[in-house]
Amino acid sequence: LKAKEQKGGRKSKAKKKEAKAKPQAAEGEAKHANVERVIRRSKWDGASRVYPFDFPDGTDNILFQGEEKSRGGYRAVRCATLDKLIELVTHPRIPPANTRTVFLLMYHSFTTPRELLARLVSRYFMPSPINCAPDELQAVEATQLIVRQRVKALVMRWIQDHYTDFEDDPILKQGMRDFLVLIGWGHRTGVLEEGPKELKDNARQPIVPKALPSNITAENWDFSATGNKDLDIEIARQLCLMAFDEYKQIRMRDVLDKIFEGKENPHIQALIRFFNNMSRLVQHTVVTETKLRQRVALFGKFANIAWECRQQNNFLMSYAISAALGSNPLYRLRRTKELLGVHTLKKMQQLNELYAKGATSKQYRMSLKHAVTSACVPYIGTTLKDLTFTHDGNNDTVCGMVNFHKRVLMSDSIQQLDQFQRKRYLFEPVPFIQEQLRKGFEMMESDLGTEKVLFKKSLDVEPRED
């Protein structure tokens, strides 16, 4: 009887243990289903169910620049597979901060946002080895915890620093939201809806009142009016607002697609047209003025506007106006230029030095570095030229792997592009000035803005001297 009771007790305990294990198994299956759902939503098929990370370093998955190591014991990566790069930026030992920065800045050049999210989900759920000894399992669990913390940190930095990736892709945004809820970070999903704190703080800053005199209205405003410095300052401010609106439309992936794949992007093209139209409008305004003294005043007016744009770090418009004042139709106006004042000539000379060699001078690059903490619109041509130079001189892949060293070389230009889009100008918009400027830009896209017509008008106001 005692034996039967003991046997019955063991069966009862086994049933209780089995009953307790069923909810845990169901919970595990549900969690696995949630992971699968996030991966499917991220549109990565995950063809291989083998955990793709933590394979030993080898010549088939990573190559280093040399044997020299940094203070943290890391060697600079020359090239690596995508999985190895993800492993590197989420490694238990913290990799150099620059590695994570470059990875997030440049990943568009070797993968897609949805695929990256799916692989980070896979990396987060790091499995335990089969038949692992108890003492080894404790060390594995500690490593799993650290890896998950690294993935969380990388994901939050991705959202904070590259919010537009999610703003432009609802499927990616929903996939990230599901992942955050799945790992117990549902309280962090608000960042996906509201945007980074930096953008909200920027939006709450006070607006600078307009400098436009109260007697200037839409009815009596004239772009070619001279002798009013406050009006020139206001035009420069409105150009800052308009240029920034065009500039902030450009995404990092737009630039990378143009450099790596040669794809023309409408936002980049719009900014280039904006630059060209402003330059042509300045030329047209000068060469259509028949009075000599008024042409001299117009040179001074546009030199003032260009200088004010320079003071506000609007290098795009400052360069456009400076280029117009040195263009062929205006450069040949000898009688007009002989009457220019000392201050006008000095400003024009300093602007010419700043934008020497197509805005690739050392002076221009130093000015950009000093402007990194304030609102700024750089000349996009310099960024594209630098990136193209690096791209043409380095292969995209090495031994079938991502050439990460090439991405490091290109990252400074891309990071600069991203930083300048985070600080907006705080000037009060003047709608009628912006509207009239846009009408002028539209006019310059017609035959009136061609170099042939502008040069002919230049000859009309100052014929060639025999």
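## Exercises on a predicted model

Phe 275, Phe 315, Tyr 319, Tyr 355, Tyr 364 and Tyr 379 come together as one aromatic cluster. The model you are looking at is predicted, and the exercises below walk you through parts of it, starting with that cluster.

**Exercise 1. Take Tyr 319 and Tyr 379 from the cluster and work out why their rings count as edge-to-face.**

*Step 1.* Start with the distance: the ring centres of Tyr 319 and Tyr 379 are 4.8 Å apart. Rings pair if their centres lie within 6.5 Å, so this pair qualifies.

*Step 2.* Now take the angle. The two planes stand at 85°, and planes over 60 degrees apart count as edge-to-face. The pair is therefore edge-to-face.

*Step 3.* Find both residues along the chain. Tyr 319 belongs to helix H14 (residues 315-325), while Tyr 379 is in the loop between helix H19 (362-370) and helix H20 (380-393), so the pair ties together parts that are 60 residues apart in sequence.

*Step 4.* Check the burial of each. Tyr 319 has a relative accessible area of 13% and is buried; Tyr 379, at 18%, counts as buried too.

**Exercise 2. Describe the aromatic pair formed by Trp 221 and Phe 432.**

*Step 1.* Begin with the total: there are 17 aromatic pairs by the ring rule. Trp 221 and Phe 432 form an edge-to-face pair, with 6.3 Å from centre to centre and 70° between the planes.

*Step 2.* Next, place the partners. Trp 221 sits in the loop between helix H9 (197-203) and helix H10 (229-247), and Phe 432 in helix H22 (residues 431-444); the pair links distant parts of the chain, 211 residues apart.

*Step 3.* Finish with accessibility. Trp 221 is buried at 11% relative accessibility, and Phe 432 is buried at 19%.

**Exercise 3. Which rings have the charged end of an arginine over them?**

*Step 1.* Look at Phe 64: Arg 75 lies over its face, 4.0 Å from the ring centre.

*Step 2.* Then turn to Phe 455, where the charged end of Arg 332 sits over the ring at 5.9 Å from its centre.

**Exercise 4. Lay out the sheet and find the surroundings of Asn 403.**

*Step 1.* Write down the strand order. The open sheet has four strands, ordered E1-E2-E4-E3, with antiparallel pairing.

*Step 2.* Mark the edges: strand E1 (62-64) and strand E3 (397-398) each pair on one side only.

*Step 3.* Go to the middle. Strand E2 (residues 77-80) and E4 run antiparallel and are joined by two bridges. Ala 80 stands opposite Val 402 in E4.

*Step 4.* Now locate Asn 403, which lies in strand E4 (residues 401-403). Asn 403 is buried, because its relative accessible area is 7%. Leaving out residues up to four places away in sequence, Asn 403 touches Arg 78, Cys 79, Asn 394, Asn 395, Asp 396, Thr 397 and Val 398.

**Exercise 5. Is Thr 189 buried or exposed, and what does its side chain reach?**

*Step 1.* Find Thr 189 in the loop between helix H7 (170-182) and helix H8 (190-194).

*Step 2.* Read its accessibility: with a relative accessible area of 16%, Thr 189 is buried.

*Step 3.* Follow the side chain of Thr 189, which reaches the backbone oxygen of Gly 186 at 2.8 Å. Apart from neighbours within four places in sequence, Thr 189 is in contact with Arg 177, Leu 180 and Val 181.

How values were computed:
Residues numbered from 1 in each chain as written. Predicted model: local features only at pLDDT ≥ 70, side-chain atom pairs only at ≥ 80, totals over all residues. Heavy atoms only, no water. Phe/Tyr/Trp six-rings, centres within 6.5 Å; stacked < 30°, edge-to-face > 60°. Buried < 20%, exposed > 50% of the residue type's maximum accessible area, 1.4 Å probe, protein only. Lys NZ or Arg CZ within 6 Å of the ring centre and 35° of its normal. Contact = heavy atoms within 4.5 Å. Polar contact = N/O pair within 3.5 Å; in protein donor to acceptor, adjacent residues only side chain to side chain. Pairing = 2+ DSSP bridges.
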